[in-house]
Amino acid sequence: MFGLCGNACLIETIDLLAQKVYGIRSSANAFPESLDRARQDHLDMIKALRGSHRDDLIVLARRHLEPSPQAYIKAYERRFAKPI
C-alpha cells in the first residue's frame, strides 16, 4: 500500500521498520480470531482505497495495528513478570 505513495525514501523507511517489528506484529496472529480480524481489516482497507475514503483508511489502518503491541506486551509480561 505504501509503495504507491511515490516517495522512495518513505517507502524504504517503512519497509525497513516493518522488517524490524515483524516479530511483534506476527505475535498477534497466533490465534485464529486474530487472523480473521486481520483478513477482514485488509479487505476493508482495500475497499476504502478503491473508494478513495481516506479518513476510513486511516481509522482502519490504526485499528489494524493495535493488536500487535498489545499481544507482544502480554506475552512479555507472562514470560518475565516478577512473582508477587
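In the predicted model, the sulfur of C5 lies 9.8 Å from the closest cysteine sulfur, which belongs to C9, and this is too far for a bond. The search from the other side gives the matching result: for C9, the closest cysteine sulfur is that of C5, at 9.8 Å, again too far for a bond. A disulfide is a covalent bond between the sulfur atoms of two cysteines. Because a pair of cysteine sulfur atoms has to be within 2.5 Å to be counted, the number of disulfides comes to zero. As to solvent exposure, C5 is partly exposed, with a relative accessible area of 40%, whereas C9 is exposed, at 56%.

A nonpolar patch is present on the surface and is formed by Y72, I73, Y76 and F80. Together, these residues have about 430 Å² of accessible area. One of them, F80, is found in helix α5, which covers residues 67-80. The relative accessibility of F80 is 47%, so F80 counts as partly exposed; the exposed class would require over 50%.

Backbone geometry was also examined at S52. This residue lies in the loop between α3 (32-50) and α4 (54-65). Its phi is near 55°, a positive value in a residue other than glycine. Most residues other than glycine have a negative phi. S52 is exposed, and its relative accessible area is 64%.

Technical notes
Residues are numbered from 1 along each chain as its sequence is written. This is a predicted model: local features need pLDDT of at least 70, side-chain atom pairs count only at pLDDT 80 or more; totals for chains, interfaces and linings use all residues. Side-chain values use heavy atoms; hydrogens and water are left out. Buried means under 20% relative accessible area, exposed over 50%, partly exposed in between (1.4 Å probe, protein chains only). Patches are made of residues with over 30% relative accessible area and no salt bridge: like charges are joined within 9 Å, nonpolar side chains (Val, Leu, Ile, Met, Phe, Trp, Tyr) within 5 Å. Accessible areas come from the Shrake-Rupley method with a 1.4 Å probe; for residues, only the protein chains shown count as cover. A salt bridge is a side-chain nitrogen of Lys or Arg within 4 Å of a carboxyl oxygen of Asp or Glu. Helices (H or I, at least four residues) and strands (E, at least two) are DSSP runs, numbered from the N terminus.
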